[in-house]
Amino acid sequence: MQHDHFPRYAPKSGIGRWFDARLPATRWAMAAGVADDSTDQWVVVQNPGDRSAFVTLSLLADGSPVTVGNLSSIEVRPGQRRAFNINPLLKRATTPLLVVATEPVVVERDLYKLRAFGLAMSPAIPLR
């Protein structure tokens with residue numbers, strides 16, 4: 001069904017449901033996910049603070065963090081929102097992830113089906 005208020009040119013389609021994060025944190029975990037030829041995975045980091053945050057994204061491989069590609073000490077300026085596509089850096093059926101930042105940030109994970117209808121967007125889990 002086509003609705004006039006949805007952009008007709010959008011390369012992805014589906015439904016997203018978002019529950020706001022209550023507070024920013026410096027460590028975030030994402031337990032499940034996939035980055036393969038059928039699903040495109042993105043990690044989105046928002047810095048609501050007034051100082052730059054330097055963010056590192058790691059895969060939890062057998063419980064040990066391993067940096068994902070070149071996503072180490074990436075600057076997210078105050079008020080900035082940055083999205084990182086995981087697929088070019090990592091192809092894996094199970095992708096538990098950890099985000100560590102030097103300043104409190106908010107993190108979400110977005111999964112988009114490729115060549116099919118569907119997407120999932122969810123906040124990461126803050127670690128205190």
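**View 1. F54 and its partner across the strands β3 and β5.** In this close-up, F54 stands opposite E75, a residue of β5. Keep in mind that everything you see here comes from a predicted model. The two strands in the picture, β3 and β5, run antiparallel and are joined by 3 bridges.

**View 2. β3 has other partners too.** Swing over to β7, and you'll find that β3 is joined to this strand by 5 bridges, with the two running antiparallel. Want one pair to look for? Find T56, whose bridge partner in β7 is V100. Then there's strand β4 (residues 64-67), which pairs with β3 over 4 bridges, again in the antiparallel sense. Here S58 is a handy landmark, since T67 in β4 is its bridge partner. Now look at the turn: the hairpin of β3 and β4 has 2 residues between the strands, and D62 takes a positive phi near 55 degrees there.

**View 3. A closer look at T56.** You'll spot T56 in strand β3. What does the side chain of T56 reach? It goes to the backbone nitrogen of S73, at 3.1 Å. Not counting residues up to four places away in sequence, T56 also has a crowd of contacts, including T67, L71, S72, L98 and V99.

**View 4. Inside the largest nonpolar core.** This core has 23 residues, and M30, V43, V45, L57, V99 and V107 are the ones that touch the most other members. Which elements give two or more residues to this core? They are β1 (25-30), β2, β3, β5 (74-76) and β7. The top contributor is β7, with 5 residues. Now pick out L57 and check who sits around it: leaving aside its neighbours within four places in sequence, L57 is in contact with M30, V43, V66, T67, V68, L71, I86, L97, L98 and V99.

**View 5. A salt bridge between R51 and E103.** The count for this model comes to 1 salt bridge. Here it is: the side chains of R51 and E103 meet at 2.8 Å, N to O. R51 lies in the loop between β2 (39-46) and β3 (53-61), while E103 is in strand β7 (residues 97-113), so the pair ties together parts that are 52 residues apart in sequence. Is E103 buried or exposed? It's buried, because its relative accessible area is 18%, and the cut-off for buried is under 20%.

**View 6. A25, tucked into strand β1.** A25 has its place in strand β1. It counts as buried because its relative accessible area is 3%. Look for V105 alongside: A25 and V105 are 80 residues apart in sequence, yet their C-alpha atoms are 5.5 Å apart in space. Setting aside residues up to four places away in sequence, A25 touches E103, P104, V105, P126, L127 and R128. You've already met E103 as the salt-bridge partner of R51.

**View 7. P78 in a loop.** For the last stop, go to the loop between β5 and β6 (81-85), where P78 is found. This one is partly exposed, with a relative accessible area of 40%. P78 and G49 are 29 residues apart in sequence, but just 5.4 Å separates them in space, C-alpha to C-alpha. If you skip residues up to four places away in sequence, P78 touches N47, G49, D50, R51 and S52. R51 should look familiar, as its side chain meets E103 in the salt bridge.

How values were computed: Residues are numbered from 1 along each chain as its sequence is written. This is a predicted model: local features need pLDDT of at least 70, side-chain atom pairs count only at pLDDT 80 or more; totals for chains, interfaces and linings use all residues. Side-chain values use heavy atoms; hydrogens and water are left out. A salt bridge is a side-chain nitrogen of Lys or Arg within 4 Å of a carboxyl oxygen of Asp or Glu. Buried means under 20% relative accessible area, exposed over 50%, partly exposed in between (1.4 Å probe, protein chains only). A nonpolar core is a set of buried Ala, Val, Leu, Ile, Met, Phe, Trp, Tyr and Cys residues joined through side-chain atoms within 4.5 Å. Contact means heavy atoms within 4.5 Å. Two strands pair if DSSP finds at least two bridges between them. A polar contact is a pair of N or O atoms within 3.5 Å; within protein, one must be able to donate a hydrogen and the other to accept it, and residues adjacent in sequence count only if both atoms are side-chain atoms.
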